[in-house]
Amino acid sequence: EEGVGGLGFGRLAEELGRHRAVVTFGESGDEINAELVAAGCACTVDRAGKNGGLKAAVERALQIAHPGDVILLSPGCASFDEFENFIQRGQVFAELYEENA
């Protein structure tokens, strides 16, 4: 089955193709990016800087977004490389959005 192996994000390529972009970040960002591109994701697949974290991802998403677009945090992996838990990750996302929107 296509998308199986690695982290398995290739399975999402078809659905994600209906969106403007995917911005990957964190420890698994490069691998997620590569899997989506290899699976033929039709939307823009962008990496938030070489070692970009959530802050870089939000900044990049705001650059890509058009007026009226939604920026959604949809974590597919744990972010223990950057956050203590999912609650802190969500709080930081909300703060970054409010600061930059």
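**Helices, strands and salt bridges**

Val 37 and Ala 38 of helix H2 are exposed, on the other side of the helix from its buried residues. Buried here stands for a relative accessible area under 20%, exposed for over 50%, and partly exposed for values in between, with a 1.4 Å probe and protein chains only. Helices (H or I, at least four residues) and strands (E, at least two) are DSSP runs, numbered from the N terminus.

This is a predicted model, in which local features need pLDDT of at least 70 and side-chain atom pairs count only at pLDDT 80 or more, while totals for chains, interfaces and linings use all residues. Residues are numbered from 1 along each chain as its sequence is written, and side-chain values use heavy atoms, leaving out hydrogens and water.

To return to H2, its buried residues are Gly 29, Ile 32, Asn 33, Glu 35 and Leu 36. They line one face of the helix, because they fall within an arc of 165° when seen down the axis of H2. The arc is taken from the directions that run from the helix axis to the C-beta atoms. Among the elements that cover these buried residues are H1, S1 and S2. Just after H2 comes Gly 40, with a positive phi of about 80°.

H2 also belongs to a unit with two strands. S1, helix H2 (residues 29-38) and S2 form a right-handed β-α-β unit. Right-handed means that, with the strands pointing away from the viewer, the path from the first strand over the helix to the second runs clockwise. How do S1 and S2 pair, and over how many bridges? The two strands, S2 covering residues 44-47, are parallel and share 4 bridges. Strands count as paired if DSSP finds at least two bridges between them. Ala 21 has Thr 44 as its bridge partner in S2, and Thr 24 stands opposite Arg 47 of that strand. The two faces of S1 (residues 21-24) can be told apart: Val 22 and Thr 24 are on the covered face, whereas Ala 21 and Val 23 are on the uncovered one.

Asp 46 lies in strand S2. Is Asp 46 buried or exposed? Its relative accessible area is 17%, so Asp 46 counts as buried. Leaving aside residues up to four places away in sequence, Asp 46 touches Val 22, Val 23 and Thr 24, along with Asn 33, Arg 60 and Ile 64. Contact means heavy atoms within 4.5 Å.

Next come the charged pairs. Side chains of opposite charge can pair when their charged atoms come close. A salt bridge is counted when a side-chain nitrogen of Lys or Arg is within 4 Å of a carboxyl oxygen of Asp or Glu. The whole structure has 5 salt bridges. One of them joins Asp 69 to Arg 20, with 2.6 Å between the closest N and O atoms. This pair links distant parts of the chain, 49 residues apart: Asp 69 is in the loop between helix H3 (54-64) and helix H4 (86-100), and Arg 20 is in the loop between helix H1 (13-16) and S1. Asp 69 is partly exposed at 31%, and Arg 20 is partly exposed at 39%.

Another salt bridge is formed by Arg 18 and Glu 15, whose closest N and O atoms are 2.8 Å apart. Arg 18 is exposed, at 60% relative accessibility, while Glu 15 is partly exposed, at 44%.

In helix H3, Glu 59 and Lys 55 are 4 residues apart, so about one helical turn separates them. Their side chains meet in a salt bridge of 2.7 Å, N to O. Glu 59 is partly exposed at 31%, and Lys 55 is partly exposed at 48%.

Helix H4 has 15 residues and spans 21 Å from its first C-alpha to its last, close to the expected 21 Å at 1.5 Å a residue. The expected span is 1.5 Å times one less than the number of residues. Arg 89, Phe 93 and Leu 96 are buried in H4. Seen down the helix axis, the buried residues of H4 fall within an arc of 70°, so they line one face. The cover over these buried residues includes H3. Turned away from that buried side is a face of H4 carrying the exposed residues Glu 98 and Glu 99.
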